[in-house]
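Here is a brief report on the model shown below. Read it with the structure open.

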Amino acid sequence: MGELTDKIKGNANEAAGKVKSAVGKATNDREIEAEGNAQQAQGKGQQFKGEVKGKLGDDI
């Protein structure tokens, strides 16, 4: 995957995770809230990966 693809997927995962986390909080469903938090973390990781690829090239 290229830099831009990683960043886009990361943003999408982070946004979806925020929604999931908010729904979990609102419904007092700790499992959904935890899934949302994990998805947000995954999205941040993907964004970071995209930034690294941007600095070092897509060959990593």
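## How the two helices cover each other

Part of the cover over the buried residues of H1 comes from H2. The reverse also holds: H1 is among the elements that cover the buried residues of H2. This is a predicted model.

**Overall form**

The protein chain holds 2 helices and 0 strands. Its radius of gyration is 13 Å, well over the 10 Å that the globule rule gives for 60 residues, so the chain is more spread out than a compact globule. Along the principal axes, the C-alpha atoms fill a box of roughly 45 × 15 × 15 Å.

Burial is limited to 25% of the 60 residues. The chain exposes about 4,100 Å², and carbon and sulfur atoms supply 54% of that area. Among contacts with a separation of 6 or more, 58% join residues 24 or more positions apart. Charge is counted as 10 positive and 10 negative, and the mean positions of the two sets are 3 Å apart.

**Helix H1**

H1 has 24 residues. From first C-alpha to last it reaches 35 Å, close to the 34 Å expected at 1.5 Å a residue. Its buried residues are Asp6, Gly10, Asn13, Glu14, Gly17, Ser21 and Gly24.

Serine 21 belongs to H1, which runs over residues 3-26. What does serine 21 contact, leaving aside its neighbours within four places in sequence? The partners are Ile32, Glu33, Gly36, Asn37 and Gln40. Serine 21 counts as buried because its relative accessible area is 6%, and buried means under 20%.

Leucine 4 is also placed in H1. It counts as exposed, at 60% relative accessibility. Leucine 4 and glycine 54 are 50 residues apart in sequence, yet their C-alpha atoms are 8.4 Å apart in space.

Lysine 25 is another residue of H1. Is lysine 25 buried or exposed? It is exposed, because its relative accessible area is 57% and the exposed class begins over 50%. Lysine 25 and asparagine 37 are 12 residues apart in sequence and 11 Å apart, C-alpha to C-alpha.

**The loop**

Asparagine 28 sits in the loop between H1 and H2. It counts as exposed, at 62% relative accessibility. Its phi is near 60°, a positive value in a residue other than glycine. This positive phi comes just after H1.

**Helix H2**

H2 covers residues 30-56 and has 27 residues. It reaches 39 Å from its first C-alpha to its last, close to the 39 Å expected at 1.5 Å a residue. The buried residues of H2 are Gly36, Gln39, Gln40, Gly43, Gln46, Gln47, Gly50 and Lys53.

Glycine 36 is part of H2. Its relative accessible area is 0%, so it is buried. Not counting residues up to four places away in sequence, glycine 36 touches Gly17, Lys20 and Ser21. Two of these, Gly17 and Ser21, are listed among the buried residues of H1. Within the chain, glycine 36 and valine 52 are 16 residues apart in sequence and 24 Å apart in space, C-alpha to C-alpha.

Glutamine 47 is placed in H2 as well. It is buried, with a relative accessible area of 17%. Where does glutamine 47 make contact, leaving aside neighbours within four places in sequence? It contacts Asp6, Lys7, Gly10, Asn11 and Glu14. Asp6, Gly10 and Glu14 appear among the buried residues of H1. The C-alpha atoms of glutamine 47 and lysine 9 are separated by 7.7 Å, with their positions 38 residues apart along the chain.

**C-alpha pairs**

The pairs below set sequence separation beside distance in space.

| Pair | Apart in sequence | C-alpha to C-alpha |
|---|---|---|
| Leucine 4 and glycine 54 | 50 residues | 8.4 Å |
| Glutamine 47 and lysine 9 | 38 residues | 7.7 Å |
| Glycine 36 and valine 52 | 16 residues | 24 Å |
| Lysine 25 and asparagine 37 | 12 residues | 11 Å |

Notes: Residues numbered from 1 in each chain as written. Predicted model: local features only at pLDDT ≥ 70, side-chain atom pairs only at ≥ 80, totals over all residues. Heavy atoms only, no water. Helix = DSSP H or I, 4+ residues; strand = E, 2+ residues; numbered from the N terminus. Buried < 20%, exposed > 50% of the residue type's maximum accessible area, 1.4 Å probe, protein only. Contact = heavy atoms within 4.5 Å. Rg over C-alpha atoms; globule rule 2.2 N^0.38 Å. Areas by Shrake-Rupley, 256 points an atom, 1.4 Å probe, with all protein chains shown as cover. Lys, Arg positive; Asp, Glu negative; His and termini not counted. Charge placed at Lys NZ, Arg CZ, Asp CG, Glu CD. Expected span 1.5 Å × (residues − 1).
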